[in-house]
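Subject: Handover of a model, with notes

Dear colleague,

I am passing the following structure on to you, and I would be grateful if you could read the notes below alongside it.

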Amino acid sequence: MMTSTDRPTADENLTVELTRSLAPTAAGLFSAGTLQDTLQRTVDLAVETIEGCDLAGIFMLDGGSISTPVHTDPIVIEVDALQHRVGEGPCLDAIAQTVTFYAQDLVDDARWPRFGPLASSMGVRSALALVLSANGTRGALNLYARYPDAFGVIDRGKGLVLAILAGVALSAAESHDEEEHQTITLRAGLVSREVIGQAEGILMERERITADQAFDILRRASQHLNVKLRDIAQDLVDTGEIPQTGKPK
């Protein structure tokens, strides 16, 4: 028989529940792929794994402008824009103070007297705003519910875990995207040099000129026609036609 001392405490129940959800949540985020995929997977997981969450989105703040790059319902964009328009709300406070904000009932929450009633009139009664930190990005994971008191202790714990994991996953995704961009840029640069070299070779053979003189022809044609040097070179390689360079200066 289980005695009172054998029964799990509330804290232990919370720990067990959070641990149980941790592995699949992490797996889902880190397997998302690109930065955009990771952002979208974050909000999808919020609705899937947090019982009280009806709607979710990520709110990004860049200078004076805001954006909601991903969401699970169009109303999220409207609620986020409302916070920005009236200059108050749990998400803005979460970003400014780098702490979690929970609104049990927006109808009469004294912290946001303008935002709260307007948001509730749009069908949002509870809100949980969690800071996202990824390589200096200023943003928050916003969880919304259609009913008051929607996010219990376990839900808030799950939301915090998701936000922490999302921050790590976003940093990894940003690094991956940056590396991929650098690879594409490098590859494009190598292709450009190869094409320009081929065009120079054609000019050198046909005009009996040096490599410097051949490159000068390509450069002057690029300036005269207002076309990228690589495109001038590619056209010469493809057609064999020497480009117009205009009058020599």
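The notes below go from the overall picture to individual residues.

Please keep in mind that this is a predicted model, in which local features need pLDDT of at least 70 and side-chain atom pairs count only at pLDDT 80 or more, while totals for chains, interfaces and linings use all residues. Residues are numbered from 1 along each chain as its sequence is written, and side-chain values use heavy atoms, with hydrogens and water left out.

Overall picture

The protein has eight helices and five strands, where helices (H or I, at least four residues) and strands (E, at least two) are DSSP runs numbered from the N terminus. Read from the N terminus, the order of the elements is α-α-β-β-α-α-β-α-β-β-α-α-α. Of its 249 residues, 39% count as buried; here buried means under 20% relative accessible area, exposed means over 50%, and partly exposed lies in between, with a 1.4 Å probe and protein chains only. About 13800 Å² of the protein is exposed, and carbon and sulfur atoms supply 54% of that area (Shrake-Rupley method with a 1.4 Å probe; for residues, only the protein chains shown count as cover). Among contacts (heavy atoms within 4.5 Å) with a separation of 6 or more, 56% are between residues 24 or more positions apart.

Buried positions around β1, α3 and α4

I58 belongs to strand β1, residues 55-62, and counts as buried because its relative accessible area is 0%. Leaving out residues up to four places away in sequence, I58 touches L39, T42, V43, S67, T68, P69, V70, L132, A140 and L141. The C-alpha atoms of I58 and D80 are 9.0 Å apart, with these positions 22 residues apart along the chain.

D80 itself lies in helix α3 and may merit a second look, as this residue is buried yet has no salt bridge, the nearest side chain of opposite charge being that of R85, 11 Å away. For that statement, Lys and Arg count as positive and Asp and Glu as negative, whereas His and the chain ends are not counted; a salt bridge is a side-chain nitrogen of Lys or Arg within 4 Å of a carboxyl oxygen of Asp or Glu. Apart from neighbours within four places in sequence, D80 is in contact with F59, I66, T68, N142 and Y144.

In α4, the buried residues include P90, C91, L92, A94 and I95, and this helix is followed by T98, whose phi is positive, near 50°. C91 counts as buried because its relative accessibility is 0%, and C53 counts as buried because its value is 4%. The structure holds zero disulfides, a disulfide being a pair of cysteine sulfur atoms within 2.5 Å.

Salt bridges

There are seven salt bridges in the structure. One of them joins E88 and R114, with the closest N and O atoms 3.5 Å apart; this pair links distant parts of the chain, since E88 sits in the loop between α3 (74-86) and α4 (90-97) and R114 in the loop between β3 (101-103) and α5 (115-121), 26 residues apart. E88 counts as buried, because its relative accessibility is 12%.

Another is formed by the side chains of R111 and D109, at 2.8 Å from N to O. R111 counts as partly exposed because its relative accessibility is 41%, whereas D109, at 13%, counts as buried.

In helix α7 (residues 211-225), R219 and D216 lie three residues apart, about one turn of the helix, and they form a salt bridge whose closest N and O atoms are 2.3 Å apart. Both residues are partly exposed, R219 with a relative accessible area of 33% and D216 with 26%. D216, R219 and R220 are linked in a network of salt bridges.

A nonpolar surface patch

On the surface, L160, I164 and V168 form a nonpolar patch with about 270 Å² of accessible area together. Patches are made of residues with over 30% relative accessible area and no salt bridge, like charges being joined within 9 Å and nonpolar side chains (Val, Leu, Ile, Met, Phe, Trp, Tyr) within 5 Å. V168 is placed in helix α6, residues 153-207, and counts as partly exposed because its relative accessibility is 45%.

With best regards
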